[in-house]
Amino acid sequence: MPDATALEHADAMIEKAWGRPITELEKTATRHPVEDPLLRAAMHSRGYLTVVSNSVAVHQERLHALTRPGYVPAFYDLDRITASASALRTAHAESNTALQAIRHVVDARELALQPKTAPAPTA
């Protein structure tokens, strides 16, 4: 997935870890009482990632509009370009942080599902 978004990566990780489609997992994660707290944590982070992904798209579009070929920015546009670039970098960082949080939840789930082995007796 060379051009996959962070949200697509998150969906793939979550679907692989739980073995079900995202739409089904979204329904399962909202049940009360919580049946799978790790799923709920992953889906909560995914919800945040959805918001941040939309923010990335908006800032990219704004930056592309301000720097399109053939367009000569006015003096006041320079501040808008700088602000949009900064906001885009921040949104990307937040996106990566949310993706990392999902990765940690998936790793924790895998560790929790590993069979427990008794410690070796000491002499």
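**Figure 1. Serine 45 sits in helix 3 of this predicted model.** Serine 45 is buried, with a relative accessible area of 16%. The cut-off for buried is under 20%, so serine 45 qualifies. What does serine 45 touch, once residues up to four places away in sequence are set aside? Its contacts are Ala98, Ala101 and Ile102.

**Figure 2. Helix 3 packs against helix 4.** Helix 3 covers residues 37-66, and helix 4 covers residues 75-113. Their axes lie 8 Å apart, at an angle of about 160 degrees. That angle makes helix 3 roughly antiparallel to helix 4, because angles over 145 degrees count that way. Helix 3 passes helix 4 in a left-handed crossing. How do the residues of this contact divide? There are 20 nonpolar, 7 polar and 6 charged residues.

**Figure 3. Serine 84 is placed in helix 4.** Is serine 84 buried or exposed? Its relative accessibility is 4%, so serine 84 counts as buried. Serine 84 touches four residues beyond its neighbours up to four places away in sequence: His59, Arg62, Leu63 and Leu66. Leu63 also appears in a nonpolar core, shown in Figure 6.

**Figure 4. Helix 1 packs against helix 3.** Helix 1 runs through residues 6-18. Its axis and that of helix 3 are 10 Å apart, and the packing angle is about 165 degrees. At that angle, helix 1 is roughly antiparallel to helix 3. The crossing of these two helices is left-handed. Which residues make the contact? Helix 1 gives Ala6, Leu7, Ala10, Asp11, Ile14 and Trp18. Helix 3 gives Leu38, Leu39, Ala42, Met43, Arg46, Leu49, Thr50 and Ser53. By type, the contact residues are 10 nonpolar, 2 polar and 2 charged.

**Figure 5. Aspartate 11 is found in helix 1.** This residue is part of the contact of helix 1 with helix 3. Aspartate 11 has a relative accessibility of 17%, so it counts as buried. Leaving aside neighbours within four places in sequence, aspartate 11 is in contact with Ile22 and Arg46. Arg46 belongs to the helix 3 side of the contact between helix 1 and helix 3. How far is aspartate 11 from alanine 83? Their C-alpha atoms are separated by 30 Å, and the two residues are 72 residues apart along the chain.

**Figure 6. The largest nonpolar core holds 19 residues.** In soluble globular proteins, nonpolar side chains tend to be buried together. Ile14, Trp18, Leu39, Met43, Leu49, Leu99 and Ile102 have the most contacts inside this core. Which elements give two or more residues to the core? They are helix 1, helix 2 (22-29), helix 3 and helix 4. Helix 1 supplies the largest share, 7 residues. A second, separate core has 6 residues, including Val56, Leu63, Ile81 and Leu88.

**Figure 7. Leucine 49 is one of the residues with the most contacts inside the largest core.** Residues up to four places away in sequence are not counted here. Leucine 49 touches Ala6, Leu7 and Ala10, among others. Those three residues are on the helix 1 side of the contact with helix 3. Leucine 49 also touches Ser95, Ala98, Leu99 and Ile102. Two of these, Ala98 and Ile102, are touched by serine 45 as well.

**Figure 8. Alanine 65 has its place in helix 3.** With 36% relative accessibility, alanine 65 counts as partly exposed. The partly exposed class lies between under 20% and over 50%, so 36% falls inside it. Where is isoleucine 81 relative to alanine 65? The two are 16 residues apart in sequence and 9.5 Å apart in space, C-alpha to C-alpha. Ile81 is among the residues of the second core.

**Figure 9. Arginine 31 lies in the loop between helix 2 and helix 3.** Its relative accessibility is 42%, so arginine 31 counts as partly exposed. How far apart are the C-alpha atoms of arginine 31 and threonine 67? The separation is 46 Å, for two residues 36 residues apart along the chain.

Key. Residues are numbered from 1 along each chain as its sequence is written. This is a predicted model: local features need pLDDT of at least 70, side-chain atom pairs count only at pLDDT 80 or more; totals for chains, interfaces and linings use all residues. Side-chain values use heavy atoms; hydrogens and water are left out. Axes are lines fitted to C-alpha atoms, for helices over the stretch in contact, and angles run from 0 to 180 degrees between N-to-C directions. Helices (H or I, at least four residues) and strands (E, at least two) are DSSP runs, numbered from the N terminus. Angles under 35 degrees count as roughly parallel, over 145 as roughly antiparallel, 65 to 115 as roughly perpendicular and the rest as oblique. A crossing is left-handed if the near helix is turned anticlockwise from the far one by less than a right angle, and right-handed if clockwise. Contact means heavy atoms within 4.5 Å. Ala, Val, Leu, Ile, Met, Phe, Trp, Tyr, Cys and Pro count as nonpolar, Asp, Glu, Lys and Arg as charged, and the others, Gly among them, as polar. A nonpolar core is a set of buried Ala, Val, Leu, Ile, Met, Phe, Trp, Tyr and Cys residues joined through side-chain atoms within 4.5 Å. Buried means under 20% relative accessible area, exposed over 50%, partly exposed in between (1.4 Å probe, protein chains only).
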